[in-house]
Amino acid sequence: MTKRYSMFAAILTTLLLVGVGTLSLNKKVNAAGEGSITGTVKLNGTPPHMRGIDMSKDPYCSKAHASDPAKMETVIVGKDQGLENVVLYISQGLSGSEAAQKPSSEPVFDQKGCMYTPHVLAMDVGQEYKVTTSDQTAHNIHPEPNPMTGNIPWNRSQPPGAPPIVQTWKAEEVAIPVKCNIHPWMHGWFVVVKGPYATTDESGSYTIHGVPPGSYTVTAWQEELGTQTAKVTVAAGAPAKADFTFKSK
Amino acid sequence: MHDITAHSLQHHAPTGFIRKHVFSLDHKVIGKQYYALALVAAICGMILSWLMRIHLGWNNARIPGLQLLSKNGAPGGVMTPEFYLQLMTMHGTIMVFFVLTTAPFAAFGNFFLPIQVGAEDMPFPRFNMMSFWVTFVSFIVLMSSFFVADGPTLGGWTQYAPLNAVGAIAGPGQGMGVVLWMISIALFCVGQLLGSLNFITTTLDLRTKGMSFMRLPLSAWAWFITSCMGLTAFAVLMPACILAILDHVAGTSFFVASNLVVSDQLQPHSGGSTLLWQHLFWFFGHPEVYIAIVPGLGIVSHILLTNMRKQMLSQRVLIYCMGALAVLSYMVYGHHMFVSGMNPYSSLAFSFPTLIITIPATIVVLIWTFSLYGSKLRINSASLFALGFISMFVSGGVSGFFLAQPSIDIMLHATYFVVGHFHLVMAVAAMFGIFAGTYFWFPKMSGRMMNEKLGQVHFILSFVGAYCIFMPFHYLGMVGNVRRYASFVDDFTVPLIPVHRFITIAALITGAAQVIFVYNLVYSRFWGKLATENPWEGTSLEWSTTSPPPFDNFGGKHPVVYHDPYQYGVESSTGDYVMQTSPEQVATPRDEK
Amino acid sequence: MATTLPEPPQIEKHRTPERGSGNGGWKDLVPADGDLKVKLDYSPPPSSTGIWVVLFAITMMFAAFTSALVVRKGAAIDWQSFRLPPILYFNTLLLVASSVTLEISRRRVAAFMGGLKAHVQNPARWLYITLGLGLLFVAGQYIAWLQLQAEGLYLATNPSSSFFYLLTVTHALHVLGGLGGLLYVIRKLHKSALRRDQLVSTARYWHFMGLLWVYLLVLLWVKV
Amino acid sequence: MAKLFAVCIVVIAILSAIPILRHTWVAPEDISTHGHLIDEQMSETMAEAGIAFLAAQFFLAFFIWKSANRGSGEKVKNFPIGAKGLVLAGFLVVGAEVLALGVFGVKAWADQYLRPPAADAMPIQVQAGQFAFYFRYPGPDGKFGPLHPDQISEANQNFFGLDTTHDPDSKDDIVTAEMAVPVNKEIHLLMHSKDLGHSFFVRELRVQQDFVPGLDVSLHFTATKIGKYEIVCTQLCGLGHYNMKAYLEVLSQQDFDDWLKKEAAMQ
């Protein structure tokens, strides 16, 4: 008896799974119909002083910055107060299946002139990201996630000419600090979110693509100035707008 | 524990493969097992050193296939700094513990100590068996750390605190790797303690009729002295390892100080003493070095005597010197810590006994060298390696002059000078002792002779090669080239890279030469020509029994000893020597008494 | 309890010099003229030498722990002393008592083996008592640990507690080893295959455990 | 074979001695006031050790050459000076030698470690951490502010964990990544480790000292030659050990003051 029941249950679940699968497929198919969220992030107030970085410890690094001295990158303000490196993501309103979609592009975290480019790297949960090095000196990459989240810290070095390191994060976390112990000033962030996300460019503007119609809460995260949220409603085709303004401390 | 004596009283040779060859109670089989373990370990250690040398010679060169050894450690065959350090740590640990301690002490000692004192077996065969198998397990545990998450520890064989206790945040291998290392070494200590227990009781209680202490061969003396050192040293290292494991796993703070911020994270420990680990470790660590070399002294003297066909100028002095070395080795350990932040006055206090150690060492060398005068030296692989041992011992010893002085140590500490020093005096010399012992005793252990020609080729290559590798280390050190660097980014080290390449090439060739030895060993084991009872015309007890000896060593009867060892250069019915067991009376050439 | 003993074993004679192994080596020299004036002088059987070696190793181990404690406390700013659980003193009594009972049984068995008293009633009894006392001691130590944990003092709470657990647990483990030895002796006795030196070395080990514990207690009392 | 071996020994001994005699590889020139003591000690030891080394190797080779494979007819002889003579020689010669070395050595060591720094020595704090050194100058007030390990953040370049908002002493402290010192001025170096065991080694200064976590040690030296030198770590501290460096700038008093101003402005 029980055997037969379990058999029946099994068939049912498979059917369900197939159904869900096809649904989500349909979503992908009419991705054209999806909306997007765009806007700008600005700083209100005088930009804080970004202290210079003395790289004399490693001659290779200091040579790389001989012409333009390196500065800290915690708050970078572009033209008309646009804030760079702010990560925007949808904190509420996404259904599980929508959140589960992976963006196609693979985020790349490069080590260049003993600095991280980009300084902040946003990615989706479980999405593969790549760590590369363009330097002729060895770095070690040492992300230190919060142990509570279930993300596992790692620490590996990348000598010149070593192949890229490809990794994923298994849990949502805003944000994971990344550092290089060999060059203590090297510091960056991994921002791991569910669903679509965007990072502001030097003018502070951004666009989150691939947002299905609906109303959401968008969160903007800045490493120094904290987070802000805004409610937006996305209609098919028309991009919704959400601007943010951080007050400088 | 106690019924084992009873067991060895009614001696029956075991039947059945397991009891005979695997879990054997026979000291001879256990000795061979130790030898095999040491051989495997030595090969592993040598391969590791090759990889290190290649990396040092040609930085960031792709070593094809290296990524198979460790995917993360050598992505695409390029060795990462952490992997270099992991290889270095494992090389040191394997060589010091599983080769230099097991081969001359545990392997040869197990096989020949009971025979040389005229006993049937060790008093506690079960402990003896345990001692091997515990050591074996500890080796497996150590090697297994290659296969855990981020590889073995990179802390060096000294495993300084607090690097050994703060965990994975301090770097790859500092998580599971360290724990496995500590467990492995703690187990190793247990194994060697059990071994020392057997060695000491054998020498004290199981000497046969007529075998007074002064009639013990020098090798037996060396093993006895070594086991006394081992008993003291390993009994201190084990607690230290336990403390370190607790610090690492249970969050205690024996060695980890308060307010440490590793990689921007404040550590939870409080108030531990960093120097405490160094004191405990080096209290073991320095005697350990002598545990590696003293058996060599004994073996070499034994072999030289047999091949010189005359007595040493004085056997007693050699014994006293070995004893003096053993005692002094506990008073000098602080010379590893001159610049460690220890009280500068204690640095001075430690430097004088260290300098004094050169006196017994020098006397040993003088006795050896000047005893050669007027001898009828027989040149064979064994005696060659024994003589090579002397040369190496001297070369490595004189550099001790420098390191014994705190003021000079300011300049040379932690440079390649140290590496050259301890490799010559401890590693190479001890290895030569092992080789000499192998060529000398192989007939007795296996019943077959080793190939003499191959042996001599192997010797000359090893001798020249060893110097080519380790002499340049001293020069590097004098320039100030710091050891334990994965690659040389300092401007001034760039002109030294050719030297490193030379060393690397020499290391590869010399290493390859060891293949001859392994081949010779394996070939002779099965197809070598049969050995007689006493191929070298030796006098000590091991030559008065068949090769290989029967299960109870002397075939039921018990040897009676009539002479001091080494009655060479006399007229007797047998030739120019008298066995210890022969009652024949001869005029001893020059008696010491 | 299997206490019926068969015939008492033979009176122990010095074993014949013919066996090389296990009976102690011959210290007397054989003069080179070859005639053997062999005095009946032999070193003690290995087990009684061996036990001293073992005890030495254990001493070294605890010496290392002690020096660690002294250094660690010397360097410490974070050392918090605490009151030792009173039960420890009771345990001490137990262990001392066990030493006494073991001594009694050792003499009885020795006399019994020596055949001086052919009909000692059940020489094993005192061994069983010793065994019981030893078990009680370990149990008592366990209770002491429970009490400390009830006070919130765990292994990693403070260096003082770390050392307390470290020393007491290590000692307790060694005591358990001694209990094993006792069981072994009892078994041998019932098989009437016990050799005197086996009992002697077990006794030495046990007494040493008692001494060691007293030392540790003083150490903890002074330092912790 | 014996003769080949003997020749090998001699050749190797000579070859190993040549680079020493020709000073092919020597330590970089000494730029400190105490360094010459160490160098002298070094060369004395080199002379004695070198002679011992060569003598031992030559004797060994000679005896091997002479006594190898002698005919069965010949008798074995003993060296005229018996064991007693050798032991005596060992004790007297080597004993005197090492004793002399030890005693003279004390001078160099004492100058570096037993003599307290001069009262007007300039204090500089160095902090070692994985895998870089950072230096702190007390600034005009000549006082170092307290350290707050919980506030250490390399991301914000607060390497020492200073609290400039609350500690007045910290306000004017100057934190730098390279170490500049005025020439011919005694420096009192206060050594502090942030995380693990490290070491401070400057070859030209003839200075090496470990950092002890949880225990601040100090060091003093006087640099006598203007130039740029390397500070390296010699205590295995992790994967970046080989690249744990900083640079020591020995400047004229004038340049040093300017440099300090520049660094102060960068804070």
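Colleague: How many Å apart do the C-alpha centres of domain 1 of chain D and domain 2 of chain D lie?

Modeller: The C-alpha centres of these two domains of chain D lie 38 Å apart, the domain bounds coming from an automatic or database domain assignment. This is a predicted model, in which local features need pLDDT of at least 70 and side-chain atom pairs count only at pLDDT 80 or more, while totals for chains, interfaces and linings use all residues. Residues are numbered from 1 along each chain as its sequence is written, and chains are lettered from A and ligands numbered from 1 in the order in which they are written.

Colleague: Which residues does the assignment give to each domain of chain D, and how many residues does the contact take from each?

Modeller: In chain D, domain 1 is assigned 2-67 + 82-114 and domain 2 is assigned 122-266. The contact (C-beta atoms, placed from the backbone, within 7 Å) takes ten residues from domain 1 of chain D and ten from domain 2 of chain D. On the side of domain 1 of chain D that touches domain 2 of chain D, four residues are nonpolar, four polar and two charged.

Colleague: How many residues does the contact take from chain A and from chain D?

Modeller: Chain A contributes 17 residues to that contact, and chain D contributes 17 residues. The chain A side that touches chain D divides into six nonpolar, six polar and five charged residues.

Colleague: What share of the contacts in chain C join residues at least 24 apart?

Modeller: Among contacts in chain C between residues at least 6 apart in sequence, that share is 74%.

Definitions and conventions. Two residues are in contact if their C-beta atoms, placed from the backbone, lie within 7 Å. Ala, Val, Leu, Ile, Met, Phe, Trp, Tyr, Cys and Pro count as nonpolar, Asp, Glu, Lys and Arg as charged, and the others, Gly among them, as polar.
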